[in-house]
Amino acid sequence: MRTRPLKVALLGCGVVGSEVTRIMTTHADDLAQRIGAPVELAGVAVRRPSKVREGIDPSLVTTDATALVKRGDIDVVVEVIGGIEPARSLITTAFEHGASVVSANKALLAQDGAALHAAAEEHGRDLYYEAAVAGAIPLIRPLRESLAGDKVNRVLGIVNGTTNFILDKMDSTGAGYQEALDEATALGYAEADPTADVEGFDAAAKAAILAGIAFHTRVRLDDVYREGMAEVTAADFRSAKEMGCTIKLLAICERAADGESVTARVHPAMIPLTHPLASVRGAYNAVFVESDAAGQLMFYGPGAGGAPTASAVLGDLVAVCRNRLNGATGPGESSYAALPVSPMGEVVTRYHISLDVADKPGVLAQVATVFAEHGVSIDTVRQQGKDGEASLVVVTHRASDASLTGTVEALRKLDTVRGVASIMRVEGE
Ligand SMILES: NC(=O)c1ccc[n+]([C@@H]2O[C@H](COP(=O)([O-])OP(=O)(O)OC[C@H]3O[C@@H](n4cnc5c(N)ncnc54)[C@H](OP(=O)(O)O)[C@@H]3O)[C@@H](O)[C@H]2O)c1
């Protein structure tokens, strides 16, 4: 084993960073054996230097992250600051000064992944980011390496623990959205400002990263269609139950049937209770992958939290250190397929539409005609009437999103349709 240590600069020492240092310290001997050289923490960049940080030599702490990554003797920079800047500049500077990078930064990878991969390649360094998608769950490396010989057709995932906690609460207790969100906030599962989670921004960043790796195609954050979950109601859950389904916020990356394009989207959807993703409870994450040869695979586990996320960071650190000792780099960006990313209108799936209609003869026929005129075939219809008003629940066969949008626009114009109470996609069948 080499005695000269590999030097690691840690950028950020918050929820994730503090666990990274703890594991690096407590597992130092094992890590050295696994890597083939000891690993030394050479510096820790933070914003508030006076904060007490257990187990960290105060002489290593600095507020000058740029000087740390420019030192020239750093082998690996671990970026767990988050956000776009200064993380982006620090990572680029790290490559320029000879370091490889491990990052947990989904927002940055989804927005600037191509440029960062290019910088890594230009300088012959590694960029690893297992922790950026679904915390502890091994996903990036299985997609990039284990499935490199297969053809992935679909990735369907619960990649945000906060939203899964809220939806699971609504499902199991009958609570409304706000009540479940309040509980998630009180228990620390939701941030004071939950927008990034409940509006699907966090999941969309992860969908962009997953789609890019799964389909060997550049998928930018802007390519991902996104709908939040604030509109999901207790009534939607009752409807879902009647269909033998539950509701999850899903990140869905799909190759088109002809293989010529891909789509990436995030939105709430009904999935059958028999689907493995339906049994993912609480704040857990899971990603279901469908490929030509392997068939169906499911990856499940804690998608966030200091120690679970640090587990993924440490796995990357070991891999990058091994590469470094071998004078090699791991796989870089693979975007050779360069498939176009289709707009949401071209996505084909099933829909559950709940309409408030007048309770009188002929309404059902009128509604059915509108569906037929837009080429959307109806699978089932359920009608419940009271006091001259009725609710009509229509479940369709597979149709394009554009056809469904046209159908709903036309339905809204019918005198007998008082309102469209909800539209939800049905996935996982
Ligand atoms: N938390 C999770 O469960 C989780 C899961 C998966 C991925 N991630 C990702 O991991 C990354 C870190 O998340 P986190 O939860 O650990 O964040 P956090 O608790 O807010 O920690 C951020 C750290 O960065 C430091 N920092 C902020 N601005 C800085 C600057 N300009 N220069 C140097 N240091 C700076 C902060 O310093 P102070 O300590 O002085 O404030 C803090 O130590 C993010 O990209 C996040 O998306 C987190």
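**Exercise 1. Which residue follows α4, and is its phi positive or negative?**

Start with the ground rules. This is a predicted model, where local features need pLDDT of at least 70, side-chain atom pairs count only at pLDDT 80 or more, and totals for chains, interfaces and linings use all residues. Residues are numbered from 1 along each chain as its sequence is written, and side-chain values use heavy atoms, with hydrogens and water left out.

Step 1: find the helix. Helices here are DSSP runs (H or I, at least four residues), strands are runs of E (at least two), and both are numbered from the N terminus. Helix α4 spans residues 87-96.

Step 2: look just past it. Gly98 follows α4, and its phi is positive, near 90°.

Step 3: see what packs on the helix. Ala87, Leu90, Ile91, Thr93, Ala94 and Phe95 are its buried residues; buried means under 20% relative accessible area, exposed over 50%, and partly exposed in between (1.4 Å probe, protein chains only). Their cover includes β1 (6-11), α3 (65-69), β4 (76-79), β5 (100-103), α5 and β6 (127-128).

**Exercise 2. Work out where the largest nonpolar core sits.**

Step 1: pin down the term. A nonpolar core is a set of buried Ala, Val, Leu, Ile, Met, Phe, Trp, Tyr and Cys residues joined through side-chain atoms within 4.5 Å.

Step 2: pick out its hubs. The largest core has 77 residues, and Val77, Ile166 and Ile209 touch the most other members. Helix α10 (residues 201-215) gives the largest share, 11 residues.

Step 3: bring in the domains. Their bounds come from an automatic or database domain assignment. Both domain 1 (6-135 + 306-326) and domain 2 (140-302) supply residues, so this core lies between them.

Step 4: zoom in on one hub. Beyond its neighbours within four places in sequence, Val77 contacts (heavy atoms within 4.5 Å) Ala9, Leu11, Val69, Ala94, Ala99, Ser100, Val101 and Val102. There's also a second, separate core of 31 residues, with Leu6, Val46, Leu314 and Val320 among them.

**Exercise 3. Describe the surroundings of Lys106.**

Step 1: check the record. An unreviewed UniProt entry places the feature "binding site" at Lys106. UniProt positions follow the numbering used here, feature names are shortened, and annotations may be inferred rather than shown by experiment.

Step 2: place the residue. Lys106 is in helix α5 (residues 106-122) and counts as partly exposed because its relative accessibility is 27%.

Step 3: list its partners. Not counting residues up to four places away in sequence, Lys106 touches Ala132, Asp202, Ala205, Lys206 and Ile209.

**Exercise 4. Sort the residues of α8 by side.**

Step 1: take the buried set. In α8 (residues 177-186), that's Tyr177, Ala180, Leu181 and Ala184.

Step 2: look down the axis. The buried residues fall within an arc of 100°, so they line one face of the helix; the arc is that of the directions from the helix axis to the C-beta atoms. An α-helix has 3.6 residues a turn, so residues three or four places apart point the same way.

Step 3: flip to the other side. The face turned away from the buried side of α8 carries the exposed residues Glu179 and Ala186, while cover for the buried ones includes α7 (161-173) and α9 (195-198).

**Exercise 5. How many disulfides does the structure hold?**

Step 1: apply the cut-off. A disulfide is a pair of cysteine sulfur atoms within 2.5 Å, and the structure holds 0 of them.

Step 2: check Cys13. Its nearest cysteine sulfur, that of Cys321, is 18 Å away.

Step 3: check burial. Cys13 is buried, at 7% relative accessible area, and Cys321 is buried too, at 0%.
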